[in-house]
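Work through the exercises below with the sequence and the model open. Each task is followed by its solution.

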Amino acid sequence: MDGTDHSSRGWLVAAASIAWAVILLAAIRIWTAVGAQDDATYLRLARTLLSHDWNSPEFHRALTFVAPGWPLLLAAAVRVAGSHCAFWINVPLAGILLMMYLALFIRLFEDRKAAAVSLLVLLLAILRGWPWNAHYLLQAFRETPSYLALLSGFYLFITSAGQPRYGRLFFGGGAFVV
């Protein structure tokens, strides 16, 4: 790997900076406090999780309406940052998702320049693909946390290849369940 090359490190920093800037600019451009049916449903589920006892039927219904990870994450975010966090919570998650892709590309290609270019191509494909990609990636839909969990599980499995690292395999499998 070209880990000591300052030029290749510059490529990574530039690609990561561009990715974060594009995510933030897209979020600012499409930001709205008006929710659609899906994100309003997820916010209602999060509020139910926060307002009911953990052994109540309402809590269990809200927890099992969709995969439990997203309503729980949204409930924690609402608890910490208030109800309006539902309109921006996926912005940092989308940035983390892109950085996870960058880490995966570095691992797969063993070339930082190729990884940086791959991240930029991925970003271009996301933004120039279907017109609603940015909306689904950045607004309070469950796609971004789902993609992040799946990619995290995949990355943990790949990094434990060759020598079983049971903790990574356990958490990788858990990421697929979420």
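**Exercise 1.** Does Leu 127 count as buried, partly exposed or exposed?

Solution. This is a predicted model, in which local features need pLDDT of at least 70, side-chain atom pairs count only at pLDDT 80 or more, and totals for chains, interfaces and linings use all residues. Residues are numbered from 1 along each chain as its sequence is written, and side-chain values use heavy atoms, with hydrogens and water left out.

Step 1: buried means under 20% relative accessible area, exposed over 50%, and partly exposed in between (1.4 Å probe, protein chains only). Step 2: Leu 127 has 32% relative accessibility, so the residue counts as partly exposed.

**Exercise 2.** Place Leu 127 in its helix and find what it touches.

Solution. Step 1: helices are DSSP runs (H or I, at least four residues), numbered from the N terminus. Leu 127 belongs to α6, residues 112-128. Step 2: contact means heavy atoms within 4.5 Å. Not counting residues up to four places away in sequence, Leu 127 touches Val 22 and Ala 134. Step 3: Val 22 is 105 residues from Leu 127 in sequence, yet their C-alpha atoms are 9.3 Å apart.

**Exercise 3.** Treat Thr 159 in the same way.

Solution. Step 1: Thr 159 is in helix α8, residues 143-159. Step 2: its relative accessibility is 4%, so Thr 159 counts as buried. Step 3: leaving aside neighbours within four places in sequence, Thr 159 contacts Arg 107, Arg 165 and Arg 168.

Notes:
Helices (H or I, at least four residues) and strands (E, at least two) are DSSP runs, numbered from the N terminus.
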